[in-house]
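Thanks for sharing this one. Here are some notes to read alongside the model, in the order I would look at things.

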Protein chains: 2
Amino acid sequence: MSRTDEVVNGIKRMILEGTFKPGDRLPIEKDLAESLGVSRGSLREGMSALSILGIVNIRQGDGTYITNLDAPQLLAPMGFVVDFQGQGDPRHIHTVRRLLECEAARLAATRITDEALAQAGELLDEAARIAGRSPQDHERIMEIDIAFHRIIAVHADNPVLVGLIEAFAGRTLRGRLWRSLHEEGADRRTHDEHVAILKALVARDPERARTRMANHLIGVEESLQELPDDADTNGEAAGP
Amino acid sequence: MSRTDEVVNGIKRMILEGTFKPGDRLPIEKDLAESLGVSRGSLREGMSALSILGIVNIRQGDGTYITNLDAPQLLAPMGFVVDFQGQGDPRHIHTVRRLLECEAARLAATRITDEALAQAGELLDEAARIAGRSPQDHERIMEIDIAFHRIIAVHADNPVLVGLIEAFAGRTLRGRLWRSLHEEGADRRTHDEHVAILKALVARDPERARTRMANHLIGVEESLQELPDDADTNGEAAGP
DNA sequence: AGCCGGGAAAACATCGGATGTCTGAACCCA
DNA sequence: TGGGTTCAGACATCCGATGTTTTCCCGGCT
């Protein structure tokens with residue numbers, strides 16, 4: 001096992017044993033390196049990995065802190081999987097996404113709060129208003145789409161499910177889908193489907209909510225299959 | 001954005017653009033650091049993170065290679081989530097696991113090969129033989145359990161689904177479940193449920209397979225709920 | 001001709017130190 | 001007492017040196 005793995009597993013073990021708790025500030029690099037028996041450079045490699053995994057939060061000039069360790073945060077790096085795996089064949093990913101979001105809709109139907117339902121309704125109203133105007137703000141519509149699905153996911157009351165949905169239905173996948181959808185004027189159909197989902201949620205009907213969500217996502221999947229292969233190079237170009 | 005993130009995103013971008021393909025050997029650290037405009041140390045921090053994420057494979061004395069980038073490999077580090085999140089409350093994780101495995105069983109019913117069915121049957125036979133002996137090899141039984149579920153997952157023909165199931169139903173979670181299960185002599189019930197699942201798969205009946213799997217996992221969940229909170233007695237609160 | 005072992009070279013692994021930069025808080029002055 | 005300033009702490013980055021592992025070539029042996 002490399003020194004880096006030693007560091008990662010060491011910190012992981014200490015967290016599991018309760019030595020460090022979420023929100024805690026870790027000892028300074030020098031002391032931590034000493035207590036793990038590695039040099040500061042090796043320690044930093046390990047800490048960097050932990051930081052990318054979302055387990056610790058490193059703040060320059062301040063210190064290193066354990067994150068809250070909640071599922072969405074820890075599942076965030078899974079976006080890599082979506083980017084890489086979805087390259088040639090997004091169908092597998094979307095199959096899983098449909099499975100997850102359908103279950104979320106089913107669970108949310110009995111657990112969602114009235115406030116959340118009102119909020120979701122306002123989002124759809126705003127989407128309807130934007131759709132009526134001539135220069136449609138597609139960026140905003142996409143945000144509303146994501147926010148709507150997020151509300152449902154959150155109110156399934158299962159942080160693990162939320163984390164997975166966030167990772168699988170994040171901006172990357174949506175962005176690729178969007179062009180194919182809005183070009184055909186499918187905004188309207190998408191909006192109608194969203195309304196149907198909301199209606200089922202308001203009725204607190206789990207099976208209806210699940211079915212409406214399934215119908216919605218199957219529609220998205222079919223739009224996806226039509227276009228062959230969209231290789232777009234979006235640069236999250238790093239600065240200087 | 002820190003240099004480390006620059007490295008991670010830089011490599012990620014190059015992979016997505018096709019500069020590097022799975023299995024490719026990357027340039028040596030010195031050249032790669034130069035082309036990314038960072039020092040070798042910073043590059044190594046980033047590469048270490050990529051290695052832990054399962055995106056590259058670093059072999060000392062040889063070089064750094066892009067992995068095959070398949071879903072199971074990329075989803076492996078998600079075991080962290082199970083370990084941390086499942087600490088106090090494994091129910092959320094197990095709910096997701098049940099969702100995933102039920103879908104896998106449903107899909108596998110129509111896709112599984114005769115060879116795989118035969119293999120699964122042999123596993124269950126072996127489990128039955130072990131259960132009959134007096135000094136029961138629980139370690140081997142657990143391996144068989146994992147292998148049985150894995151066969152089903154793999155034959156759902158969805159690598160993303162396989163990756164998620166591997167992460168959520170791995171050794172860590174099973175290990176915690178095991179004590180509560182085998183102490184009550186529930187091996188027999190588990191085995192019977194496995195046989196029922198296999199029977200449904202042999203019949204190529206998706207809904208029956210799904211239901212049998214659901215029944216099996218609900219049983220596991222109930223065993224889980226019975227024991228209140230397994231506070232392991234580890235008392236090494238090491239305070240430096 | 002084919003096989004095998006040794007050694008050189010390549011490449012990563014690890015380390016220690018030096019310097020830059022940012023943050024937070026104590027401190028000083030009005 | 002309030003506000004600005006300074007200072008110590010901590011991470012970020014880079015550099016150079018040395019150890020370790022693997023690969024691969026080359027010479028000798030069968």
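**Notes on the core, the chain contact and the DNA surfaces**

1. Let me begin with the packing in this predicted model. The largest nonpolar core holds 111 residues, and those touching the most other members are Ala104(A), Ala108(A), Leu161(A), Ala104(B), Ala108(B) and Leu161(B). As background, nonpolar side chains tend to be buried together in soluble globular proteins.

2. Ala108(A) is a good place to look inside that core. Beyond its neighbours within four places in sequence, Ala108(A) is in contact with Ile152(A), His155(A), Ala156(A), Leu201(A) and Ala209(A).

3. One of those partners, Ala156(A), sits in the loop between α8 (138-154) and α9 (159-168) of chain A. Is Ala156(A) buried or exposed? Ala156(A) has 25 C-beta neighbours inside 10 Å, and because the cut-off for burial is 20 or more, Ala156(A) counts as buried. Its contacts, leaving aside neighbours within four places in sequence, are Ala104(A), Leu107(A), Ala108(A), Arg111(A) and Leu161(A). Ala156(A) also lies 7.3 Å from Ile112(A), C-alpha to C-alpha, although 44 residues separate the two in sequence.

4. In chain B, please have a look at α9(B). This helix is mostly covered, with ten of its ten residues buried. Among them are Leu161(B), Glu166(B) and Phe168(B). Leu161(B) also appears in the list of core residues that touch the most other members.

5. Next, the relation between the copies. Chain B superposes on chain A with an RMSD of 0.1 Å after a rotation of 180° and a shift of 0.1 Å along the axis. The two copies are therefore related as by a two-fold rotation axis. Within chain B, Ala49(B) has the C-alpha nearest the axis, 2.1 Å from it. The same surface serves both copies, as 83% of the contact residues of chain B recur in chain A.

6. How many residues does each chain bring to the contact? Chain B gives 46 residues and chain A gives 46 residues. On the side of chain B that touches chain A, the elements giving two or more residues are α1 (3-17), α3 (40-52), α4 (71-75), α5 (79-85), α6 (91-111) and α9 (159-168) of chain B. α1(B) gives the most, with ten residues. By class, this side of chain B has 27 nonpolar, ten polar and nine charged residues.

7. Now the DNA. Around strand C there are 18 residues, and the closest are Arg3(A), Ser39(A), Ser42(A), Gly61(A) and Gln60(B). Two or more residues come from each of α1 (3-17) and α3 (40-52) of chain A and β2 (63-66) of chain B. The surface near strand C has three nonpolar, eleven polar and four charged residues.

8. For DNA strand D, 19 residues are around it, with Gly61(A), Arg3(B), Ser39(B), Ser42(B) and Gly61(B) coming nearest. Here the elements giving two or more residues are β2 (63-66) of chain A, along with α1 and α3 of chain B. The surface near strand D divides into three nonpolar, eleven polar and five charged residues.

9. Finally, the annotation. An unreviewed UniProt entry assigns "domain: HTH gntR-type" to residues 1-69 of chain A. In the model, that span is 52% helix and 12% strand, and its end C-alpha atoms lie 25 Å apart.

How values were computed
Residues are numbered from 1 along each chain as its sequence is written. Chains are lettered from A and ligands numbered from 1 in the order in which they are written. This is a predicted model: local features need pLDDT of at least 70, side-chain atom pairs count only at pLDDT 80 or more; totals for chains, interfaces and linings use all residues. Copies are superposed by least squares on the C-alpha atoms of residues with pLDDT of at least 70 in both. Two residues are in contact if their C-beta atoms, placed from the backbone, lie within 7 Å. A nonpolar core is a set of buried Ala, Val, Leu, Ile, Met, Phe, Trp, Tyr and Cys residues joined through C-beta atoms within 7 Å. A residue is buried if 20 or more other C-beta atoms lie within 10 Å of its own, exposed if 12 or fewer, and partly exposed in between; C-beta atoms are placed from the backbone. A residue is near a molecule or strand if its C-beta atom, placed from the backbone, lies within 6 Å of it. Helices (H or I, at least four residues) and strands (E, at least two) are DSSP runs, numbered from the N terminus. Ala, Val, Leu, Ile, Met, Phe, Trp, Tyr, Cys and Pro count as nonpolar, Asp, Glu, Lys and Arg as charged, and the others, Gly among them, as polar. UniProt positions are given in the numbering used here, feature names are shortened, and annotations may be inferred rather than shown by experiment.
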